[in-house]
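Student: I am new to this structure and would like to understand how the terms used for it are justified. Could we look at it together and go through them one by one?

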Amino acid sequence: MKRLSLLLAVALGLATAVSARPAVIECWFVEDAGGGKLAKKPAALLLRQGAESPPLRPDLAPERYLKIHDPAGALQAAFRQYPRDAPAPRCEMSLYVPLPASAKWLSGLTPEQSCPRALDGTWLMVSMSSSFLSLSSLLRPQSEPQPEPALITMATAVLTVFTHTPTPRIPMGQDALLDLSFAYVPLTPKAPSLAPGPPPFGLEWRRQHLGKGHLLLAVTPGLNGQVPAAREGAVAFAAWDDDEPWGPWTGNGTFWLPAVRPSQEGTYLATVHLPYLQGQITLELAVLKPPKVALTPAPLVWAAPGEAPPELLCLVSHFYPSHGLEVEWELRGGPEGRLQKAEGQRWLSALRHHSDGSLSLSAHLQLPPVTSEQHGARYACRVHHPSLSALGRSAEVTLQVAGLSGPSLEDGIGLFLSAFLLLGLLKALGWAENRVKPTQHHPGEATILSGLSYCNNSPNCMPSVPAPSSLSPLSHWNAA
């Protein structure tokens with residue numbers, strides 16, 4: 001009974017997960033309108049369908065209303081982690097022409113420059129992007145749409161490339177791991193001219209930053225040709241996940257970049273190359289470092305009534321990036337007894353650049369003259385930055401108005417230590433005075449100096465023997 005309940009719960013969970021994925025994706029079909037202009041027409045992709053007929057879409061042309069056949073399950077896998085309440089991804093569709101790759105290190109993929117006849121016909125490229133997904137899929141539509149009740153065109157997803165981390169935010173100095181998955185469905189399975197097993201493929205990762213592009217990594221699993229050397233310590237886990245003889249196949253091209261720096265942020269392009277087919281997605285990598293916040297003078301600032309306190313200096317150090325940084329000055333307490341914006345003249349210094357790429361600046365606040373009602377008020381410097389939570393990070397000082405504060409615990413401890421030291425100093429001076437002052441004596445009495453006893457010529461003089469603790473190791477007697 002427990003096993004049946006568990007199976008039922010798993011089945012319900014899977015059904016909920018399936019229903020959470022979007023059934024229809026609204027797209028724009030983009031095409032060249034001539035004269036350097038682009039024309040956009042509405043389109044839609046039907047990703048899944050129940051037993052009922054496809055919904056009618058009279059607003060769409062049949063060739064732009066596509067029912068997707070996905071033998072590899074790549075589109076389902078791409079949307080499996082898509083949040084239920086997230087908005088639908090942006091989707092664009094355009095015509096695609098199969099061509100061999102232009103890079104020399106990929107020449108082994110297409111030994112024949114002529115495109116196979118199996119690739120003839122219409123091809124479509126679909127691109128989807130959101131904060132949770134970046135996807136590119138090459139679709140092969142049928143030549144004729146299905147008849148009524150709903151005019152719709154069947155299309156097969158041949159090559160699909162996607163990532164679940166389209167906008168990675170990496171702390172500065174940590175490693176970046178950018179996931180990449182892809183799937184391929186051969187158009188002519190079990191063809192006599194094709195060897196069983198997954199085909200060779202090429203994978204490249206590029207970065208574009210400030211208008212410059214750099215090839216970071218290039219690999220060709222299954223080929224023996226030479227590829228450009230990897231840069232910046234980049235590594236890719238490029239391989240097919242299975243070795244089914246006739247497909248479909250899924251693969252992995254996850255990218256690893258160690259100890260990222262600010263100079264490594266930007267747009268990353270991941271491209272999977274198959275013979276005459278290419279799928280590419282984009283990722284926007286951001287490097288972040290939270291700021292350190294320090295406020296001086298701290299923890300107290302003193303001022304007399306009617307006078308302005310010393311200038312407050314808030315040092316915001318070693319952060320990245322510069323955009324999105326905000327510094328606010330707050331007053332807590334005071335006459336109104338609530339949190340409010342601090343008054344006074346404020347300004348920011350220029351940015352200071354550090355060797356690791358991080359930045360620093362200082363924020364200044366010159367307060368107006370204070371009143372006795374502001375005694376005990378706290379001034380806070382609050383910093384907001386993309387690397388911090390919504391509350392930001394802050395540092396504060398307490399305003400003490402002269403003449404209104406009694407002695408604190410720290411003051412009592414200081415006074416006690418001062419009295420103790422003064423008492424010790426007085427005792428030391430008294431001891432030193434007794435050591436150096438000569439002892440007065442009368443004739444006929446012995447005099448003891450520094451542990452030595454001397455006797456005068458009086459017949460009544462008897463040596464005065466000191467106590468054992470006061471005797472020197474040696475005693476000299478001077479007889480008359």
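Student: How do the residues of the lining of the second largest pocket divide into nonpolar, polar and charged?

Tutor: In this model, which is predicted, the lining divides into seven nonpolar, 10 polar and two charged residues. The sorting goes by residue type, with Met and Leu, for instance, counted as nonpolar and Gly counted as polar.

Student: What makes a residue part of that lining, and which ones lie nearest the centre of the second largest pocket?

Tutor: A lining residue must have an atom within 4 Å of a point of the pocket, and 19 residues line the second largest pocket, with S127, M128, L135, Q280 and T282 lying nearest its centre. The volume of this pocket is about 300 Å³. Strands β4 (90-96), β5 (123-129), β6 (134-141) and β16 (277-288) each supply at least two residues of the lining, and β16 gives the most, with five residues.

Student: What makes C27 and C91 a disulfide?

Tutor: The cut-off for a pair of cysteine sulfur atoms is 2.5 Å, and the S to S distance of C27 and C91 is 1.8 Å, so the pair falls within the cut-off and counts as a disulfide. C27 lies in strand β1 (residues 24-34) and C91 in strand β4, so the pair ties together parts that are 64 residues apart in sequence.

Student: Why is the disulfide of C27 and C91 called right-handed or left-handed?

Tutor: The torsion about its S-S bond is about 70°, so the disulfide of C27 and C91 is right-handed.

Student: How many disulfides does the structure hold, and how do you know that C314 and C381 form one?

Tutor: The structure holds two disulfides. The sulfur atoms of C314 and C381 are 2.0 Å apart, which is within the cut-off of 2.5 Å, and therefore this pair also counts as a disulfide. C314 lies in strand β19 (residues 312-319) and C381 in strand β25 (residues 378-384), so the pair ties together parts that are 67 residues apart in sequence. The torsion about the S-S bond of C314 and C381 is about -75°, so this disulfide is left-handed.

Student: Are these cysteines buried or exposed?

Tutor: Both C27 and C91 are buried, and both C314 and C381 are buried as well, where the word asks for under 20% relative accessible area. Buried residues make up 36% of the 480 residues in the protein chain.

Student: What makes β18 and β21 edge strands?

Tutor: An open sheet of five strands has the order β18-β26-β25-β20-β21, with mixed pairing. Strands β18 (300-303) and β21 (340-341) each pair on one side only, and they are the edge strands.

Student: How do you know that β18 pairs with β26?

Tutor: Two strands pair if there are at least two bridges between them, and four bridges join β18 to β26 (residues 393-401), so the two strands count as paired, and they run parallel. Within β26, Q400 is the bridge partner of W302.

Student: What makes β11 a partner of both β12 and β15?

Tutor: Seven bridges join β11 (residues 202-209) to β15 (residues 266-274), in an antiparallel arrangement, and W205 stands opposite A270 in β15. Seven bridges also join β11 to β12 (residues 212-219), again antiparallel, with A218 in β12 as the bridge partner of E204. Both counts meet the requirement of at least two bridges, so β11 pairs with each of these strands.

Note on methods. Residues are numbered from 1 along each chain as its sequence is written. This is a predicted model: local features need pLDDT of at least 70, side-chain atom pairs count only at pLDDT 80 or more; totals for chains, interfaces and linings use all residues. Side-chain values use heavy atoms; hydrogens and water are left out. On a 1 Å grid over the protein atoms alone, a cavity is a set of points where a 1.4 Å probe fits but cannot get out, and a pocket is an open set with protein on both sides within 12 Å along at least five of seven lines; lining residues have an atom within 4 Å of a point. Grid points are joined across faces, edges and corners, and a volume is the space filled by probe spheres set on the points. Buried means under 20% relative accessible area, exposed over 50%, partly exposed in between (1.4 Å probe, protein chains only).
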